[in-house]
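Here is a short tour for someone meeting this model. Please keep the sequence and the 3D view side by side as you read.

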Amino acid sequence: MKRLLGASIPLLAALIAFLFGAVMLLAIGASPWEGLKALLDGAFGSADRLAATAIKATPLVLVGAGITIAFRTSVVNIGGEGQIVAGALLSTSVALAVPDLPAIILVPVVLVAGLIGGAIVGAIPGALKAYASVNEILSTIMLNIVMVQLMNYLLRGPLIDPLEVEAGTRIPQTERLSDNATLPNIVPGVRLHLGVLIAVLAAIAVYVLLWRTPTGFRLRAVGHSPDAAKAAGINVKRNITTALALSGSLGGLAGAILVFGSEGQRMVTDGSSAGFTGSAGFNGIVAALFGGLHPLWTIPSSFLFGALLTGATNLQRVLQVPAPIAIAINGIVVIFVVSSGRLREKIDRMLEARAEFDDTPSTPETPAVVEGAQS
Amino acid sequence: MSMLEMRGITKRFPGVIANQDVDFDVRAGEVHTLLGENGAGKSTLMKILFGLYQPDEGEVIWQGSPATITSPSQAIEAGIGMVHQHFMLVPTLTVAENVALGLSSGRAPFTDLDAVSERIREISDQHGLSVDPSVDVWRLSVGERQRVEIMKALYRQAELLVLDEPTAVLTPQEVDDLFEILRRMTDEGRGLIFISHKLHEVMALSDRITVLRNGRVSGHTTPGETSREELAAMMVGRAVKLTPDRPPVETGDSRLEVRSLSVQGDRGTRAVDDVSFDVKGGEILGIAGVSGNGQREIAETIAGLRTPLPGSSVLLDGTDVLPMKTKQRRDLGLAYVPEERMKDGAVGDFSVSENLILVNHDTAEFTSSGLFNFDAIRRHCSELVERFAVKTPTIDTPTSSLSGGNIQKVIIARELTGNPGVLIASQPTRGVDIGSAEYIHEQLIAQRDRGTATLLISEDLDEVLGLSDRIAVVFEGRIVAIVDADDATRENIGLLMAGVVEPTG
């Protein structure tokens, strides 16, 4: 009963959000029905579109799974954007440095470089929180800005495509990266690359990590009760750092996949982080929340958000509505879903309180008197 | 004549009977104690009195006439007051504001806090409550907050006052003060219902005692005609050993050596001041003292959760452990039962089995190639649950849903796993039901017999006297005396706890 209620609330929230979207479409004179059709068609209409949805979902799955690690340890990671950028930069640099390695080696190498880049940028706020009590919400957000500027600097300077310098156009982008680093397609004839599979496996790995390994056990113990964990001999500070490093590493992996799964096969900046990440660092948080902060549920929930993103693009094209409308509909879904989480908590607490109230005589401590039992 | 009579009260819930044919009455001017383990039906009976439940059978007679109470406000209106175990006060408001909360003002829509304050002062003087109406509640000590709760009831002209485990949070001195206040109230003809499971307090304060067990009255008695042992037996339903057998044991070498330990407290003062003691294998050293005299800091420093001041040393089986982290100390054979069960002892949201492996979860026994071996964990935990008689539906039940006594058994079971060399047990039975406490005591003694050096820290003097081979008394961060169990009495230890040191000849 409780489970059912818990699951239905976010869906209900999504439904209400779509109703709002319909009202907005009506307000600008477009047909909501056509809009919905365009949205669904854009997201699921063909194998290619389905693949596009999956590709959009990929960084969300990774960031979202990473977020669950942090949240289960009771640390907040708003640094997805910076971690994605860091992973992309490090993996790009590696690909530039050793472009001639065979694909079988170079692909894993750039992916690991992405993991490491993200882990470093995650570990910094982790260590700052653990050892210097710096609020991780602030430090992760600040690092987002730092990483964007680092990206802009590197892509305009040290990493810039020499051809851009020669031509004098100076577009801030790298040269075309080694084909050996390109993520191979996994379905023939469809643009669906290995990154999608890696993201799903990573989310499963996070589940295994959190609930099947001693490392995850420690993270969750620290997340639930740092005092009890500490008294039991668990190093709370180290685990907080670990949580953010692991969380960041998945963002970094997403960054590497964005670069080596991209059509252009190069890293480009428009000066903002969203220009490169598509705001996956933030949307991944929403996907994780929508998935109840459970790494496995993050997979379908990210896919849903991916569908929303690709569908909105189509909506914009088919109905000729301005782009902000599509973005606004996305935003409304996010607001409703996130606030529904609060509602769910409230309902849970209410149910619990009622159970507790009714429960007094039957606490497991004392065998309650059952009729006919001995006195 | 009785001011309150509850006759033949029966209350059924689906599958259980919370109260069965319970008779209970209170006369003006007496303290009638309601005694029973958690879940015995005390709170159901009180909820019926306050109109939160309606009895299925039986009647409530208030001031001579049958009363149907359907809500707490109706009960309060009638002159029945409640002092909750967990205070219902708004910390940021003043005492007067807290007292006035929920009452209509004589000058509505404006407040009449000056009049309220005036009345509070009168009541305070009359009953010796020494409550200042103008102080913010957050500034008050626990004992003072409780007096504010009593004030709230008196202000609402309660004739009958229910005190739900009022001494659970108080120091012995505060308990004495409270009892004096309560005595004054009964002298004026008020009736008191005292709910407690601390037997010596029950014996000291009560005029009459009603014991509940499994929803039924297991006896009515008075302190004059009963004893603590008898009360305990009535509560549990079998003979209970309040003082466990302590067979003589050959003590071994010193396993825990504490030398010149000084620790800074949280408020920057010196909480522990140059303390030295040894605990030998096969020995329980009890630390007696009013809480807040450095016990907590001593335990946490030995456990590695606090850094002592320079010059201190702590040796575990001869090894200096001060440079080590908690984990390394535990690997050397240290076990630690923290004072605050739910904060430091167990992870409430973790299952019973997760808490049972909290310390040794990464040992080879429970893992294979990096992953948990859930079969081995289940086996281990089921065995511990059985051996330590933990009452839990399953080992996957969230620990926070167990009773205090069972949570404590989980912690003790975990800490005694692997036969520790040194055990620090802080308040091992505080707030724990008698049956569980008896069991925990037996386990501590059994562990001592196996050669563990146990440091027992407890505010419960009976516990310290009953379990310890030697007793160290702390006062203001210093050990004022270490007494052999044979020479220790309630009186001489009590005096030492108050800082009274006899000149030794």
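Helix α8(B) lies across three strands of chain B, β3 (31-35), β9 (208-213) and β10, and runs at about 35 degrees to β9(B). Such angles run from 0 to 180 degrees between N-to-C directions, with axes fitted to C-alpha atoms, for helices over the stretch in contact. Helices (H or I, at least four residues) and strands (E, at least two) are DSSP runs, numbered from the N terminus.

This is a predicted model, where local features need pLDDT of at least 70, side-chain atom pairs count only at pLDDT 80 or more, and totals for chains, interfaces and linings use all residues. Residues are numbered from 1 along each chain as its sequence is written, while chains are lettered from A and ligands numbered from 1 in the order in which they are written.

In chain B, an open sheet of six strands follows the order β6-β7-β8-β3-β9-β10, with mixed pairing; strands pair if DSSP finds at least two bridges between them. Both edge strands have a single partner strand, so one side of each is left without a neighbour in the sheet:

| Edge strand | Residues |
|---|---|
| β6(B) | 80-83 |
| β10(B) | 216-221 |

From one strand to the next, the twist averages 20 degrees. Strands β6(B) and β7(B) (residues 160-164) run parallel, joined by four bridges, and B:Met82 stands opposite B:Val162 in β7(B).

Now look at helix α15 of chain B (residues 434-449). Its end C-alpha atoms are 22 Å apart, which agrees with the 22 Å that its 16 residues should span at 1.5 Å a residue (1.5 Å times one less than the number of residues). After α15(B) comes B:Gly451, whose phi is positive, near 105 degrees.

How values were computed: Contact = placed C-beta atoms within 7 Å.
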